[in-house]
Amino acid sequence: MKVISLNVNGIRQAADRGFFEWMVRQDPDVVCLQDIQADERTLNDSVFFPPGYNTYFFDSMENPEQAGVAIYCKTMPKAIMTGMGFPECDFEGRFIQADFEKVSIGAFLTPHGSNHEDALQEHKYRFMEGFKSHLVKTRRKRREFIFCGTANVARSPIDVSSWFVNQRNSGFLPEERKWINEIFNELEYIDAFRHINKQDKQYTWWPDYERAWKLDEGGRLDYQIATPGIKNLIQGGSIYKGQRFSDHAPLIMEYNID
């Protein structure tokens, strides 16, 4: 099973940059998109609905032009679930999950947070705690899960450029790193990409200026978070940098799952 995850920073922008043509060439089984920034009802162009894929959206009730997630999949899911039961997620379109025969795959989007506005950072923390509670409950279920999305947190110094300076910035604050490492250490989830790739400078996001991309000054803010039973099924993974569809890059993972 090939699973692609990408924060598109606007699904229309990504389409204009050729994302869907690239996606079809990749021939993935499941694609999880974050930050689609669109009301599903306004996506009338056939480019958003490539042949051979079932398409499911969950956009923000508060402002459809912000946040929002989507799942594209070849196999018809047994069920689709939206939301995780708390306002920062459910009202803002930040989680959707597709249940298949052997695995459930979800797309999630953590808020950005802010270095300057306490309310925005507190909003991020509330989502983080709600998501962690959801992950705790998930561990009690008798099936496997892969959560694909933007955590907006770099896990460790090798996951962000200028790590010493960035310790003061949202996305690499000590509280944020503690949260994401609790997911992988205490809750025993698997950082699927890091399980097979230990190299530094494996970034999935770069600040929105050309110099950052050219100098490779970014952060690994996007993850595929898997339950422990997936660990031995991870076959490969890569970050695609051949084309730029947004300020994030596609994370491509291969699993030995039918």
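In this predicted model, the buried residues of helix 6 pack against helix 4 (118-138), strand 9 (190-191) and strand 10 (222-226). Those buried positions of helix 6 are Glu176, Arg177, Trp179, Ile180, Glu182, Ile183 and Phe184. The spacing along the list can be read with helix geometry in mind: an α-helix has 3.6 residues a turn, so residues three or four places apart point the same way. The length of helix 6 (residues 174-185) is also easy to check. Its 12 residues, at 1.5 Å a residue, should span 16 Å, and because the end C-alpha atoms lie 16 Å apart, expectation and model agree.

Two of the partners of helix 6, strand 9 and strand 10, lead directly to the sheet. Six strands make up this open sheet, in the order 5-6-7-8-10-9, with mixed pairing. Its edges are strand 5 (79-82) and strand 9, each of which pairs on one side only. As general background, strands of a sheet pair through backbone hydrogen bonds, either parallel or antiparallel. Both senses can be followed here, starting from strand 7 (residues 103-109), which runs parallel to strand 8 (residues 144-150) over seven bridges. Within that pair, Gly106 stands opposite Phe147 of strand 8. Strand 8 in turn pairs with strand 10 in the antiparallel sense, over five bridges, and here Phe147 has Ile225 of strand 10 as its bridge partner. Strand 10 is then joined to strand 9 by two bridges, again in the antiparallel sense. Ile225 appears once more in this pairing, as the bridge partner of Asp191. A handy path for tracing the sheet on screen therefore goes from Gly106 to Phe147, on to Ile225 and finally to Asp191.

Strand 10 deserves a closer look. Five of its five residues are buried, so the strand is largely enclosed by the rest of the structure. In a regular strand the side chains alternate between the two faces of the sheet. In strand 10, Asp222, Gln224 and Ala226 lie on one side, Tyr223 and Ile225 lie on the other, and both faces are covered.

A further set of pairings involves strand 12 (residues 251-255), in which four of the five residues are buried, so that this strand too is largely enclosed by the rest of the structure. Strand 1 (residues 2-7) pairs with strand 12 in the antiparallel sense over four bridges, with Ser5 matched to Leu251. Strand 11 (residues 234-239) is likewise antiparallel to strand 12, this time over five bridges. In that pairing, the bridge partner of Gly237 is Met253.

Turning to the pockets, the largest has a volume of about 520 Å³. It is lined by 23 residues, of which Asn166, Asn169, Ser170, Gly171 and Trp205 are the closest to its centre. Sorted by class, this lining contains seven nonpolar, 14 polar and two charged residues. The second largest pocket holds about 330 Å³ of space. Among its 16 lining residues, Gln66, Glu92, Arg94, Pro111 and His112 are the closest to the centre. The lining of this second largest pocket comprises four nonpolar, eight polar and four charged residues.

Note on methods: Residues numbered from 1 in each chain as written. Predicted model: local features only at pLDDT ≥ 70, side-chain atom pairs only at ≥ 80, totals over all residues. Heavy atoms only, no water. Buried < 20%, exposed > 50% of the residue type's maximum accessible area, 1.4 Å probe, protein only. Pairing = 2+ DSSP bridges. 1 Å grid on protein atoms, 1.4 Å probe; cavity = no way out; pocket = protein on both sides within 12 Å on 5 of 7 lines; lining within 4 Å. Points joined across faces, edges and corners; volume = space filled by probe spheres on them. Nonpolar A, V, L, I, M, F, W, Y, C, P; charged D, E, K, R; others polar. Expected span 1.5 Å × (residues − 1). Contact = heavy atoms within 4.5 Å.
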